[in-house]
Amino acid sequence: QVQLVESGGGLVQAGGSLRLSCAASTSTSMGWFRQAPGKEREFVATIRWSGSTRYYADYVKGRFTISRDNAKNTVYLQMDSLKPEDTAVYYCAGSATRMGITTRRDDYDYWGQGTQVTVSS
């Protein structure tokens, strides 16, 4: 069983930056999702096992960057130009078998415990 551990969340002012890390990533497709209070968990970004392909939700495109270091078994989410609407618990997710990118929650088998990101206005 793969255990994913997120870190790097916190409180930041609008326009600021944070970098989230996910330790013990799988050697397959990885992704980031987020869940705000009272809302469904939504897709944020995904990256292919090799790191060669990345895909973002429209609401973070151009502001967030997903990357991975397979030697360190770690996936990152660099978040710049943060907005109050980015406030949520952010979850790292990994697939057991999928190598390509995917935005579907059901395609991910492993989930971290989440890390809180709060953006103040």
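This text considers the disulfide and the residue V44 in a predicted model.

The cysteines are taken up at the outset. One disulfide is counted in this model, and its partners are C22 and C92, whose sulfur atoms lie 2.0 Å apart. That separation satisfies the criterion applied here, because a disulfide is a pair of cysteine sulfur atoms within 2.5 Å. The torsion about the S-S bond is -75°, and the link between C22 and C92 is left-handed. C22 belongs to strand β3, which spans residues 18-23, whereas C92 belongs to strand β9, spanning residues 88-94; the bond therefore ties together parts of the chain that are 70 residues apart in sequence.

The surroundings of the two cysteines may be described in terms of solvent accessibility. C22 has a relative accessible area of 0% and is therefore buried. C92 likewise counts as buried, because its relative accessibility is 0%.

Attention now turns to V44. This residue is found in strand β5, which comprises residues 42-47. V44 has a relative accessible area of 0%, so it is classed as buried. What does V44 touch, apart from residues up to four places away in sequence? Its contacts are W32, F33, R34, Y55, Y56, A57, V60, F64, L77 and Y90. One of these, R34, is ten residues from V44 along the chain, and the C-alpha atoms of R34 and V44 are separated by 6.7 Å.

In summary, the disulfide joins C22 in strand β3 to C92 in strand β9, while V44 is a buried residue of strand β5.

Notes: Residues numbered from 1 in each chain as written. Predicted model: local features only at pLDDT ≥ 70, side-chain atom pairs only at ≥ 80, totals over all residues. Heavy atoms only, no water. Helix = DSSP H or I, 4+ residues; strand = E, 2+ residues; numbered from the N terminus. Buried < 20%, exposed > 50% of the residue type's maximum accessible area, 1.4 Å probe, protein only. Contact = heavy atoms within 4.5 Å.
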